[in-house]
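Trainee: I am new to this structure and would like a close look at one part of it, taken slowly and in order. Please begin with any term that I need, and then follow the neighbours outward from there.

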Amino acid sequence: MRVFPSLRTRVPDVSGQSHRSRRDLYAAAGAALLVLAAVLVGRHIQFTQHTLFVHWPPVLAEWDPHLGPGTPAALSTALATVAYGPALAGRLPWRAMLAGAWATALAWIVSLALIDGWHQGIAVRLTTHNEYLQVIGRFHDILATLGDFTHHIVRGTPDPWPAHVAGHPPAATLTFVLLDRIGLGGGGWAGMWCVTVGATGCVAVLIAIRALAGETLARRAAPFLVLAPAAVWLGTSADAYFAATAAWAVALLAVALTRRSGWWAAASGLLFGLTCYLSYGLTLFALIGAAVLALGRTGLRERPALLLALLAGLSVFPLVFTLAGFNWWEAYRLLVTRYYQGVGGTRPYGYWVWANLACTVLITGPATAAGLRRTTAALLRHRRSAPVEQGEDAASGTARVRLAVLVSAALFALLVADLSGMSKAETERIWLPFALWLLPACALLPRPRAWLAGQAVLALLLNHLLLTGW
């Protein structure tokens, strides 16, 4: 008689697994409906009121079905990653897996960009009238320009900065100035800098996941970080560079806490400081950093000096830019004025506050929507102290909760950015740094190849049907 309960615990809960899989599909379908609603409502608003200032809402793009020289490479990369990515991510030695993830992500981003051709897809992206390369010649005297930077943010001032230069702290523009100074000038070099550095973002996220939630989940997340629909906008956008910088700041903090290393903590602080001087909105990465500190609190308790090292590193870039004459807080105040002088003051908050989330669906894909459902379920089950799922031991259950905390912190930061009203439209590009930290939710999904295929199809359709721009 005692055999039967034991046998029952070993029988796979097929009905429960099927039920959870259906819920995953419902989540993905709900995300698709959100995108459809944003398209239909957005087209109506744009055609009747002309207040969205995007031609293919909710994304800034033109309807332009086309093929290009990158099409065969993009298809090949997608097929190979779907077919072999999950197995290789599970089998390769850790460092080889990271190198393979970076190389594949780079190939995926570049091949998608080349669907529009080298010129349109990469070489001129950062040379248009709103972009950083337009003002390289105004940085002959870097210190003097930094001291004078805030005097050109608001429209109506002498020689106002182009939109993207005015919309970011000067470290963003200064990066391209320095590239030009070392002989890597022009749109091609600037574009490949953003693509090459941006592709390392997935490696940083994987390192952080391994440190905080274990290697198994990191390996499961790898193919999804590589084959993300976000790659359509990672090539070629300065936000790809910003995303990677922020990702490495978080990753080094996770490593510092798990290895009790003051040097890694200082390096993390240095990159967090740089991140704040690349984009005002990325100060919200403090929320993700706080989640990492909470998850790594054991290391912090054992070596409190890590916090001092982190703060020391964090102070470097603010100190350097302040001494150079740039006032971050004054610049942000002026940016808010500039934002409402332009289309940001006309675009309706009531539409974009939810349509921005539809843009997030497009850059993270249906798999992430399903993964976020699993993330929520893991947190709720942990809060209720419910038993682990069928086939899941306590250790893997804890790892899933830790991953869910990290992903939830990124989602919360994104929602704060959304509610602020300072990101109305173009969030498919602006929110790339947050999107990288939502994608690991896909590690919680069963049948990864099917979900990966959906991610790849979405990216290929977006890049072949739309001509994106910013």
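Mentor: A residue is called buried when its relative accessible area is under 20%. Please keep in mind throughout that this is a predicted model.

With that cut-off in hand, we can start from Ala-249, which lies in helix α13. Ala-249 has a relative accessibility of 0%, and because that is under 20%, the residue counts as buried. Leaving aside residues up to four places away in sequence, Ala-249 touches Ser-268, Leu-271 and Phe-272. The chain also brings Gly-289 into the picture: Gly-289 is 40 residues from Ala-249 in sequence, yet their C-alpha atoms are 8.5 Å apart in space.

A second residue of helix α13 can be read in the same manner, namely Ala-254. Its relative accessible area is 0%, so Ala-254 is buried by the under-20% rule. When residues up to four places away in sequence are not counted, the residues that Ala-254 touches are Ala-208, Ala-211, Leu-212 and Val-292. Phe-272, which is one of the residues touched by Ala-249, stands 13 Å from Ala-254 between C-alpha atoms, with 18 residues separating the two in sequence.

Next, consider how helix α13 sits against helix α9. Helix α9 covers residues 187-199, which makes 13 residues, and from its first C-alpha to its last it reaches 18 Å, close to the 18 Å expected at 1.5 Å a residue. The axes of α9 and α13 come within 7 Å and cross at roughly 30°. Because angles under 35 degrees count as roughly parallel, α9 is described as roughly parallel to α13. The way in which α9 passes α13 is a left-handed crossing. On the α9 side the contact is made by Trp-193, Cys-194, Val-197 and Gly-198, and on the α13 side by Ala-238, Ala-240, Tyr-241 and Ala-244. Sorted by class, the residues of this contact of α9 with α13 are seven nonpolar and one polar, with no charged residue.

Two of the α9 residues in that contact, Cys-194 and Gly-198, return in the list of buried residues of α9, which holds Gly-187, Gly-188, Ala-190, Gly-191, Cys-194, Val-195, Gly-198 and Ala-199. The cover over the buried residues of α9 includes α13, and with it α4, α5 (117-123), α8 (170-181), α10 and α12 (231-234).

Two helices from that cover, α4 and α10, pack against one another. The axes of helix α4 (residues 94-113) and helix α10 (residues 201-213) come within 9 Å, and the angle at which they cross is roughly 150°. The crossing of α4 past α10 is right-handed. From α4 the contact takes in Trp-94, Met-97, Leu-98, Ala-101, Trp-102 and Ala-105, while α10 contributes Cys-202, Val-203, Leu-206, Ile-207 and Arg-210. By class, this contact of α4 with α10 contains 10 nonpolar residues, no polar ones and one charged residue. As for α4 itself, its 20 residues reach 29 Å from first C-alpha to last, close to the 28 Å expected at 1.5 Å a residue. The buried residues of α4 include Trp-94, Met-97, Leu-98, Ala-101 and Ala-105, each of which has just appeared in the contact with α10.

Finally, let us return to the residues touched by Ala-249 and look at helix α14. Helix α14 runs over residues 262-276 and has 15 residues, with a reach of 21 Å from its first C-alpha to its last, close to the 21 Å expected at 1.5 Å a residue. Ser-268 and Phe-272, both touched by Ala-249, are among the buried residues of α14, whose list also includes Gly-262, Ala-265 and Gly-269. Helix α13 belongs to what covers the buried residues of α14, and α8, α15 (285-295), α17, α18 and α19 are included there as well. Within that cover, helix α17 (residues 305-314) and helix α18 (residues 316-323) pack at an angle of about 25°, with their axes 4 Å apart. An angle under 35 degrees counts as roughly parallel, so α17 is roughly parallel to α18. Ala-312, Gly-313 and Leu-314 in α17 meet Val-316, Phe-317 and Pro-318 in α18, and by class these are five nonpolar residues, one polar and no charged.

Methods:
Residues numbered from 1 in each chain as written. Predicted model: local features only at pLDDT ≥ 70, side-chain atom pairs only at ≥ 80, totals over all residues. Heavy atoms only, no water. Axes fitted to C-alpha atoms, helices over the stretch in contact; angles between N-to-C directions. Left-handed = near helix turned anticlockwise from the far one by under 90°. Contact = heavy atoms within 4.5 Å. Nonpolar A, V, L, I, M, F, W, Y, C, P; charged D, E, K, R; others polar. Expected span 1.5 Å × (residues − 1). Buried < 20%, exposed > 50% of the residue type's maximum accessible area, 1.4 Å probe, protein only. Parallel < 35°, antiparallel > 145°, perpendicular 65-115°, else oblique.
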